[in-house]
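Subject: Structure for your review

Dear colleague,

Please find below the structure that I am handing over to you. My findings follow it, arranged by region.

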Amino acid sequence: MAAAAKKSQVRHPLFARIYPKINAFAEAHGALEHRQELLAGATGQIMEVGAGTGANFPHYPEQVDQVIAVEPEPRLRQLAEQAAAKAPVPVEIRAGRAEDLPLPDASVDGAVLSLVLCSLPDVRRALSEVARVLRPGGALYFYEHVRSGSPRFARKQRLLNPVWSLLAGGCQLTRDSQQAIVDAGFAIERVRHFDFLVNGRTTPSSPCIIGVARKTGPALPGTSSGAAHGDQAL
Ligand SMILES: C[S@@+](CC[C@H](N)C(=O)[O-])C[C@H]1O[C@@H](n2cnc3c(N)ncnc32)[C@H](O)[C@@H]1O
């Protein structure tokens, strides 16, 4: 495989096999409605980062002209291709990583991050890339599970995190993704904090946020330095 193509790949074969089932379970318990809420205001040219199986595609409203969906995991990308063929708006799938997005500067009206900031090796660099690709004033639509605001629950998340992340394709329970978005120079327009309960019970990934942020100021320069931004110090 050519070096450039390899660079745009992320391989999580086990996670890629089980994620469609995890997602179907989550959607049966409320994630479907969360996806609708996430995308209700999207318009124009949209970039979706880490699109996975394309679970968001059915929920793009008709005001969206086109979605360019970036996904680095080959198996998930294949499933996204199938979902794109049935989507209500045109969707183009591209191989690529959030830290090095395959789109030009200021080329989209909106960016979608859905359950993806938890999984990125370098959140700071990825958000800097999102800011680069968004036009000034463009919208960042986000839906993420996050570190709990309750110190007790956050401690449980921290203890569980090593095993969780091993089983869930690098997903971290300990990230403050709202703060990471603010630190990257976005202004939060609205955000809803809630607990995603399954049959009335909390899970380690229950604390969630859904919202919209605007690109206002310049993004922080991207770095490829070690720790992912927004992680809680261990
Ligand atoms: C939990 S899944 C969420 C998928 C989808 N966004 C959704 O809402 O169902 C996390 C996604 O992030 C992708 N991902 C992991 N590392 C990435 C990277 N460096 N750049 C872009 N996407 C990445 C995974 O391949 C996977 O599709």
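In what follows, a residue is called buried when its relative accessible area is under 20%, exposed when that area is over 50%, and partly exposed in between. Please bear in mind that this is a predicted model.

**Helix α5**

With that cut-off, F153, A154, Q157, N161 and S165 are the buried residues to note in α5. The partner against which the buried residues of this helix pack is β7, residues 207–215. N161 deserves a second mention: α5 bends there by about 55°, and a proline, P162, follows within four residues. As to length, α5 covers residues 151–167, and its 17 residues should span 24 Å at 1.5 Å a residue; the end C-alpha atoms are 24 Å apart, so expectation and model agree. After the helix comes G169, which has a positive phi, near 60°.

**The protein as a whole**

The secondary structure consists of six helices and seven strands. Read from the N terminus, the order of elements is α-α-β-β-α-β-β-α-β-α-α-β-β. Of the 234 residues in the protein, 49% are buried. Among contacts with a separation of 6 or more, 72% are between residues 24 or more positions apart. The exposed area of the protein is about 11,000 Å², and 56% of it is supplied by carbon and sulfur atoms.

**Helix α4**

Helix α4 has eleven residues, and eight of them are buried, so the helix is largely enclosed by the rest of the structure. The buried ones are V123, A126, L127, S128, E129, V130, A131 and V133. What do these buried residues of α4 pack against? Their partners are the strands β1, β4, β5, β6 and β7, together with helix α6 (177–183).

One of the buried residues, E129, carries a salt bridge to R132, with the closest N and O atoms 2.7 Å apart. Both residues belong to α4 (residues 123–133) and are separated by three residues, about one turn of the helix. In general, an α-helix has 3.6 residues a turn, so residues three or four places apart point the same way. The two partners differ in their surroundings: E129 has a relative accessible area of 11% and is therefore buried, whereas R132, at 26%, counts as partly exposed. Salt bridges with shared partners join D105, E129 and R132 into one network.

**Salt bridges between distant parts of the chain**

How many salt bridges does the model contain in total? The count comes to eight. Two further examples follow.

The side chains of E37 and R192 form a salt bridge, at 2.8 Å from N to O. E37 belongs to helix α2 and R192 to strand β6 (residues 186–195), so this pair ties together parts that are 155 residues apart in sequence. E37 has a relative accessible area of 30% and is partly exposed; R192, with 34%, is partly exposed as well.

A salt bridge also connects R135 with D109, whose closest N and O atoms are 2.8 Å apart. This pair links distant parts of the chain, R135 being in strand β5 (residues 134–145) and D109 in strand β4 (residues 108–114), 26 residues apart. At 33% relative accessibility R135 counts as partly exposed, and D109 does so at 24%.

**A surface patch on the N-terminal side and a buried loop residue**

L14, I18 and I22 make a nonpolar surface patch of about 260 Å². L14 is located in helix α2, which comprises residues 13–39. Is L14 buried or exposed? Its relative accessibility is 54%, and L14 therefore counts as exposed.

T53 offers a contrasting case. This residue lies in the loop between β1 (44–49) and β2 (64–70), yet its relative accessibility is 13%, so T53 counts as buried. Which residues is T53 in contact with, leaving aside neighbours within four places in sequence? They are Y19, P20, N23, L76, L79, A80 and A83.

I would suggest opening the model at α5 and its bend at N161, and then turning to α4 with its eight buried residues.

With kind regards

Note on methods: Residues numbered from 1 in each chain as written. Predicted model: local features only at pLDDT ≥ 70, side-chain atom pairs only at ≥ 80, totals over all residues. Heavy atoms only, no water. Patch = residues over 30% accessible without salt bridge, like charges linked within 9 Å, V, L, I, M, F, W, Y side chains within 5 Å. Areas by Shrake-Rupley, 256 points an atom, 1.4 Å probe, with all protein chains shown as cover. Salt bridge = Lys/Arg side-chain N within 4 Å of Asp/Glu carboxyl O. Helix = DSSP H or I, 4+ residues; strand = E, 2+ residues; numbered from the N terminus. Buried < 20%, exposed > 50% of the residue type's maximum accessible area, 1.4 Å probe, protein only. Expected span 1.5 Å × (residues − 1). Bend = angle between axes of the 7 residues up to and from the residue. Contact = heavy atoms within 4.5 Å.
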